[in-house]
Amino acid sequence: MTEKAFVLNAFKLRYPDGRTSGPWTFSLEKGRAGTLRGPSGSGKTGLLHSLAGLDPDGFGPITASGHRYMTAPVDLLFEKPFLQILGPSVKDELSAAEASSRLPPEARKREREWLLEAFSLDSLWDRPVRELSEGERQKLALACLFLRSPALLLLDQPASSLDQRGQEALKRAIERATARGAAVLVADPGWKRFMPPDAESLSLFPKASSLPKGVSEDRLFDGPGDREGGRGETLLAFEGLEIRRGGRTVVRDISGRVG
């Protein structure tokens with residue numbers, strides 16, 4: 001029987017401001033990848049932080065109900081990777097990750113060299129962290145996480161600042177980690193670009209009873225199919241829309257309709 005990396009049984013979080021997330025019942029086996037799916041505010045980051053033993057979103061003490069069983073060492077990639085980069089240079093950060101790696105000593109150097117090349121960090125080996133771009137910092141944080149090789153990797157929006165090559169490196173790094181028996185749980189709206197097609201999935205979408213009558217979660221969040229909607233029918237309307245990427249607003253106050 002395959003060992004579980006973690007098990008959630010009717011697990012629910014209640015924040016000090018009165019909000020709640022959950023309940024969730026879900027498990028992930030070692031050697032498997034999984035995704036958290038849901039709109040903003042549904043609890044993805046809070047659940048990842050809770051699995052890592054942190055207070056979700058920095059709200060302070062929270063109340064948890066249900067049960068959470070952790071059977072594996074855990075490491076978390078924050079949504080803002082600069083929060084976890086402590087070394088002054090790329091070399092210092094990766095060297096610290098290598099020293100604390102769970103890989104056998106003879107495999108650590110090989111994995112470090114592979115990660116350096118895959119995430120295009122080999123030319124930045126001596127570069128001070130303060131001179132790195134946001135995308136380069138995300139690549140460095142990911143490389144260090146995979147080099148430490150925990151049994152359970154929790155990734156919060158790992159591809160938010162990655163270019164196409166970086167996303168391909170992330171995909172291969174996840175494949176290598178699961179092949180070694182690690183479990184990988186990801187929350188990222190673009191997960192289909194780098195996650196294996198057979199990844200497990202925990203839906204954090206609203207319950208069907210809370211959706212507008214006749215609207216399924218796929219219709220609400222994934223958009224209409226090619227045949228849906230007649231001529232002149234409004235398929236999507238929006239007002240005061242704001243788009244954020246990598247922690248900063250790139251477009252704001254958009255209004256319009258699609259028909």
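Which helix lies across β3, β5, β6, β7 and β8? That would be α1, covering residues 44–51, and its direction makes about 150° with β6. Keep in mind that this is a predicted model.

**The overall picture**

The protein chain contains 6 helices and 10 strands. Of its 259 residues, 40% count as buried. If you take the contacts between residues at least 6 apart in sequence, 66% of them join residues at least 24 apart. The accessible surface adds up to about 14,100 Å², and carbon and sulfur atoms hold 48% of that.

**The parallel sheet**

Five strands make up an open sheet, and reading across gives the order β5-β6-β7-β3-β8, with parallel pairing. The edges belong to β5 (74–77) and β8 (200–203); each has a single partner strand, so one side of each has no neighbour in the sheet. From one strand to the next, the twist averages 15°.

Look at the β8 end of that order. Strand β3, residues 33–37, runs parallel to β8 and is joined to it by 4 bridges. One pair to pick out on screen is Thr-35, whose bridge partner in β8 is Ser-201. Besides α1, which lies across the sheet strands β3, β5, β6, β7 and β8, helix α4 also packs on the sheet. There α4 touches β5 and β6, and its direction makes about 170° with that of β5.

The loop between β7 and β8 is where Pro-197 sits. Is Pro-197 buried or exposed? Pro-197 has a relative accessible area of 87%, and the cut-off for exposed is over 50%, so it counts as exposed. Along the chain, Pro-197 and Ala-33 are 164 residues apart, yet their C-alpha atoms are separated by 9.6 Å.

**The hairpin**

Back at the start of the chain, β1 and β2 form a hairpin with 5 residues between them. These two strands pair in the antiparallel sense, over 7 bridges. Across the pair, Phe-11 of the hairpin stands opposite Trp-24 in β2. In the turn, Gly-18 has a positive phi of about 100°.

Both strands carry a backbone detail you may want to check. Strand β1 (residues 4–14) holds Ala-10, which has a positive phi without being a glycine. Strand β2 (residues 20–29) holds Pro-23, and the peptide bond joining Gly-22 to Pro-23 is cis, with omega at about 5°.

**Nonpolar cores**

Which residues have the most contacts inside the largest nonpolar core? They are Leu-140, Phe-146, Leu-155, Leu-170 and Ile-174, in a core of 39 residues. At least two residues each come from α2 (90–99), α3, α4, β6 (152–156), α5 (164–179) and β7 (183–187). The largest share is that of α4, with 8 residues.

Leu-155 is a handy place to start exploring. Leaving aside residues up to four places away in sequence, Leu-155 touches a list that includes Leu-48, Leu-77, Phe-146, Leu-170, Ile-174 and Val-184. Another core lies apart from the largest one; it has 23 residues, including Leu-36, Leu-47, Ala-187 and Leu-204.

**Helix α3 and what follows**

How does the length of α3 compare with what you'd expect? At 1.5 Å a residue, its 14 residues should span 20 Å, and the end C-alpha atoms are 21 Å apart, which agrees. Its buried residues are Ala-107, Arg-108, Glu-111, Arg-112, Trp-114, Leu-115, Leu-116 and Ala-118. The cover over these buried residues includes α2, α4 and α5.

Just after α3 comes Ser-120 with a positive phi. Ser-120 lies in the loop between α3 (105–118) and α4 (134–148). Here are the two non-glycine residues with positive phi discussed above, with their exposure:

| Residue | Phi | Relative accessible area |
|---|---|---|
| Ala-10 | about 50° | 37%, partly exposed |
| Ser-120 | about 55° | 22%, partly exposed |

Key. Residues are numbered from 1 along each chain as its sequence is written. This is a predicted model: local features need pLDDT of at least 70, side-chain atom pairs count only at pLDDT 80 or more; totals for chains, interfaces and linings use all residues. Side-chain values use heavy atoms; hydrogens and water are left out. Buried means under 20% relative accessible area, exposed over 50%, partly exposed in between (1.4 Å probe, protein chains only). A nonpolar core is a set of buried Ala, Val, Leu, Ile, Met, Phe, Trp, Tyr and Cys residues joined through side-chain atoms within 4.5 Å. Contact means heavy atoms within 4.5 Å. Two strands pair if DSSP finds at least two bridges between them. Accessible areas come from the Shrake-Rupley method with a 1.4 Å probe; for residues, only the protein chains shown count as cover. Axes are lines fitted to C-alpha atoms, for helices over the stretch in contact, and angles run from 0 to 180 degrees between N-to-C directions. The expected span of a helix is 1.5 Å times one less than its number of residues.
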